[in-house]
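Hi everyone, thanks for coming. I'd like to walk you through one structure today, so have a look at it while I talk.

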Amino acid sequence: MGNAVAREDFEWVYTDQPHADRRKEILAKHPEIKALMKPDHNLIWVVVLMVLAQLTAFYLVKDLDWKWVVFWAYVFGSCISHSMTLAIHEISHNSAFGNSKAMWNRWFGIFANLPLGLPYSISFKRYHMDHHRYLGGDGIDVDIPTNFEGWFFCTRFRKFIWIVLQPFFYAIRPLCINPKPITRLEIINLLAQLSFDVVIYYLWGAKSIFYMLAGSVLGLGLHPISGHFIAEHYMFLKGHETYSYYGPLNLLTFNVGYHNEHHDFPNIPGKSLPLVKKIAAEYYDNLPQYNSWIRVLYDFVMDDTISPYSRMKRQLKGEVKQD
């Protein structure tokens, strides 16, 4: 089922991530980019509409045959669920209400989390900030696969299974790599989610709950949008740590494909990242980039030189401050 790849460890690097230096250089040359560092209030209404759309879907599937529940969970529910996780990504950067109202963003993230079925928003924010500060940091950045993932998922068939199981690995990886004490907000996130799930079950039954949970799991696994998990930081070209995607699925994902731009300017909402690329085109046009997340998934499975080990990793020095 495919030959084992040659890589047997991560790509250890001993330089700082490139984003901070490039940010300073771009701002020195294009100070007008600072005007984009403001919240995107339209995100609030988009998220509200997405929650209402899923509530409508929960109601509509309650009396369907199971085959149609599964069909709509993949065709519609998976897309909106994955899109919502990326709305939560935006909210984790305080893009909805701004940095001055950080707690408003936390509460709004819990609200956005509701149609996903599983508590996610608060924990994601804590770990995602580490990903930006300490990109590739050993024992800190939980976006980096575990050694077991790199060792075991080393053939074409196993890499395919790894893609299918992405939600599982993203859920357990923090517990293996960088466990943190549970916070009050995480408990609130959990209780709010359980309460919402109980209400949906009481109102509309098991099919609505299945649609909600299946949509989230399927959307984060073998799905075109899930190509972004691999496209963002897996080293298809040696020496390049972050890659942008400029294809049409950015319309569903709050421009998360503009990933070099996002890591350079994490305080600029996704809506404005195309403007960053346009203003500072000389910095981004010649970087490696993608136009198809489906092709990324295909190449990841079929290229025997690529595996979960294809990530840059750093041994951090000095004081490490985590959320």
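**Pockets, a patch and a salt bridge**

Let me start with a pocket, the second largest one, which holds about 470 Å³ of space. Please keep in mind that this is a predicted model. Around that second largest pocket there are 21 lining residues, and Asp16, Gln17, Arg133, Arg314 and Leu316 are those nearest its centre. Helix H1, residues 19-29, and H5 each bring at least two residues to this lining. H1 is the top contributor here, with four residues. As for character, the lining of the second largest pocket splits into eight nonpolar, six polar and seven charged residues.

Now to the largest pocket. What is its volume? The figure for the largest pocket is about 1300 Å³. Its lining counts 41 residues, and nearest the centre you'll find Tyr120, Ser123, Phe124, Tyr170 and Ala171. Several helices supply at least two lining residues each: H3 (66-92), H5 (121-133), H8 (166-177), H9 (184-204), H10 (206-219) and H11 (227-231). Which helix gives the most? That is H8, with seven residues. The lining of the largest pocket is made up of 22 nonpolar, 13 polar and six charged residues.

Some of you will want to know about the membrane annotation. According to UniProt, in an unreviewed entry, the feature "transmembrane region" falls at residues 43-61, 68-87, 107-124, 187-204 and 210-231. I looked at two of these in the model. Residues 68-87 are 100% helix and 0% strand, with 27 Å between the end C-alpha atoms. Residues 187-204 also come out as 100% helix and 0% strand, and there the end C-alpha atoms are 26 Å apart.

Let's move to the surface. Trp68, Phe71, Trp72, Tyr74, Val75, Phe76 and Leu218 make up a nonpolar patch there, and together they have about 610 Å² of accessible area. H3 gives the most to this patch, with six residues, and Val75 is one residue found in that helix. So that's the same H3 I mentioned for the lining of the largest pocket.

Last topic: charged pairs. How many salt bridges does a search of the whole structure find? The count is 15. One I'd like to show you joins Glu282 to Lys29, with the closest N and O atoms 3.2 Å apart. This pair links distant parts of the chain, 253 residues apart: Glu282 belongs to helix H14 (residues 281-284), and Lys29 to helix H1. You met H1 earlier, in the lining of the second largest pocket.

That's my tour, and I'm happy to go back to any of it.

Notes: Residues are numbered from 1 along each chain as its sequence is written. This is a predicted model: local features need pLDDT of at least 70, side-chain atom pairs count only at pLDDT 80 or more; totals for chains, interfaces and linings use all residues. Side-chain values use heavy atoms; hydrogens and water are left out. UniProt positions are given in the numbering used here, feature names are shortened, and annotations may be inferred rather than shown by experiment. On a 1 Å grid over the protein atoms alone, a cavity is a set of points where a 1.4 Å probe fits but cannot get out, and a pocket is an open set with protein on both sides within 12 Å along at least five of seven lines; lining residues have an atom within 4 Å of a point. Grid points are joined across faces, edges and corners, and a volume is the space filled by probe spheres set on the points. Ala, Val, Leu, Ile, Met, Phe, Trp, Tyr, Cys and Pro count as nonpolar, Asp, Glu, Lys and Arg as charged, and the others, Gly among them, as polar. Patches are made of residues with over 30% relative accessible area and no salt bridge: like charges are joined within 9 Å, nonpolar side chains (Val, Leu, Ile, Met, Phe, Trp, Tyr) within 5 Å. Accessible areas come from the Shrake-Rupley method with a 1.4 Å probe; for residues, only the protein chains shown count as cover. A salt bridge is a side-chain nitrogen of Lys or Arg within 4 Å of a carboxyl oxygen of Asp or Glu.
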